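Me: Please explain this structure to a reader new to it, and give the reasoning behind each term.

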Amino acid sequence: MGSDYYERSSILAEYLFFHYGESSDYLPFAEGPQSALNFPLKIVERGLAGLSLPPASRAMDLGCAVGRSSFELTRYCQEVVGIDYSSAFIQAAQTIQKQKELTVCVVEEVGTTKKVSVTLPSAVFPERVQFFQGDALNLSLDYGEFDLVLAANLIDRLSDPTLFLKDIGRWIKKGGTLILTSPYTWIDSFTPEEKWLTQENSNFQTLQNILEPQYDFQRKEDLPMLIREHRRKYQWTVTELSVWVKK
Ligand SMILES: C[S@@+](CC[C@H](N)C(=O)[O-])C[C@H]1O[C@@H](n2cnc3c(N)ncnc32)[C@H](O)[C@@H]1O
């Protein structure tokens, strides 16, 4: 794994199916972790639960991958900027924005693939989203300030998560919200071990220590997700969702 991991065509197909696949196609079994389906939709719904956003609000989805959460944010926000480091992911997000539908080749059994059709959900406003290839650790000031920043499963893919957490407030308005999710799956090829948030405390305690000077902690919850590798193998992961309001 490393910086080109999210450029691979197999990972692109996996993420397109993960973000946009029909639940009955994605997990076609009567028994299974159904509650972990639709993660990119749930992070938006659960993250925003109980929050009231100002009219004409602006959101940024950092590490948006192929864009499902960015589109879901348009149900609450007038303008959404989706940013990801992977150009393959951003191109796919722009394609689905334009075409509303894509055919994807996913692994069926190891050694075989099948074609699935993935579609943009109908209740969203694709014209409100702009996608850019960019680096969460080196964001352009041109994006302006946001009422909401979502960083879903991003921090444990960054080379310096502490720097990101200290800096991201520059793009969030006073009273604006930061929503984080992470399974804290640190991997040396993405984040050198000395940068993992578990140097002295638990991941959440470290997050709190870094964020508390700039944010009021609102709440946290466990949110499961399911990534399909092939029809008989899935990764079931429990992320921690936390919500922070900028002082
Ligand atoms: C584990 S995936 C999560 C994707 C998506 N938020 C989701 O929950 O499905 C991590 C994403 O972060 C992106 N990423 C990694 N490093 C990044 C960086 N420095 N700036 C922006 N995006 C980055 C990857 O390309 C990938 O799309």
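Reply: The largest pocket is lined by 45 residues, and those nearest its centre are Tyr-6, Tyr-15, Asn-153, Leu-154 and Arg-157. The model is predicted: local features need pLDDT of at least 70, side-chain atom pairs count only at pLDDT 80 or more, and totals for chains, interfaces and linings use all residues. Residues are numbered from 1 along each chain as its sequence is written, and side-chain values use heavy atoms, with hydrogens and water left out.

Me: What makes this a pocket, and what makes a residue part of its lining?

Reply: On a 1 Å grid over the protein atoms alone, a pocket is an open set of points with protein on both sides within 12 Å along at least five of seven lines, and a lining residue has an atom within 4 Å of a point. Tyr-6 and Arg-157 are among the lining residues, so each has such an atom. The volume of the largest pocket is about 970 Å³ (the space filled by probe spheres set on the points, which are joined across faces, edges and corners).

Me: Which element supplies the largest share of the lining of the largest pocket?

Reply: Helix α1 does, with 5 residues. Among the other elements that supply at least two residues each are α3, β1 (58-62) and β2 (79-84). These names follow DSSP runs numbered from the N terminus: helices are H or I with at least four residues, strands are E with at least two. Helix α1 covers residues 9-20, so it meets the helix minimum.

Me: How do you know where the ligand sits?

Reply: A molecule sits in a pocket if more than half of its atoms lie within 2 Å of the grid points. The ligand sits in the largest pocket, so its atoms meet that condition.

Me: Why are the approaches of His-19 and Asp-84 to the ligand called polar contacts?

Reply: A polar contact is a pair of N or O atoms within 3.5 Å; within protein, one must be able to donate a hydrogen and the other to accept it, and residues adjacent in sequence count only if both atoms are side-chain atoms. Polar side-chain atoms of His-19, at 2.8 Å, and of Asp-84, at 2.6 Å, each face an oxygen atom of the ligand, so both pairs qualify. A polar backbone atom of Ala-152 lies 2.9 Å from a nitrogen atom of the ligand. Taken alone, the ligand exposes 600 Å², of which the protein buries 93% (Shrake-Rupley method, 1.4 Å probe; for residues, only the protein chains shown count as cover).

Me: What makes up the shell around the ligand?

Reply: The shell divides into 11 nonpolar, 5 polar and 3 charged residues (nonpolar: Ala, Val, Leu, Ile, Met, Phe, Trp, Tyr, Cys and Pro; charged: Asp, Glu, Lys and Arg; polar: the others, Gly among them). Asp-84 and Gly-63 are among the residues that come nearest, so the shell includes a charged and a polar member. Helix α1 gives the most to this shell, with 3 residues.

Me: Why are some spaces called cavities?

Reply: A cavity is a set of points where a 1.4 Å probe fits but cannot get out. The search finds 2 cavities of 30 Å³ or more. The largest has about 70 Å³, and His-19 is one of its lining residues. The second largest holds about 30 Å³, and β7 (172-182) gives the largest share of its lining, 3 residues.

Technical notes:
A residue is near a molecule or strand if one of its heavy atoms lies within 4 Å of it.
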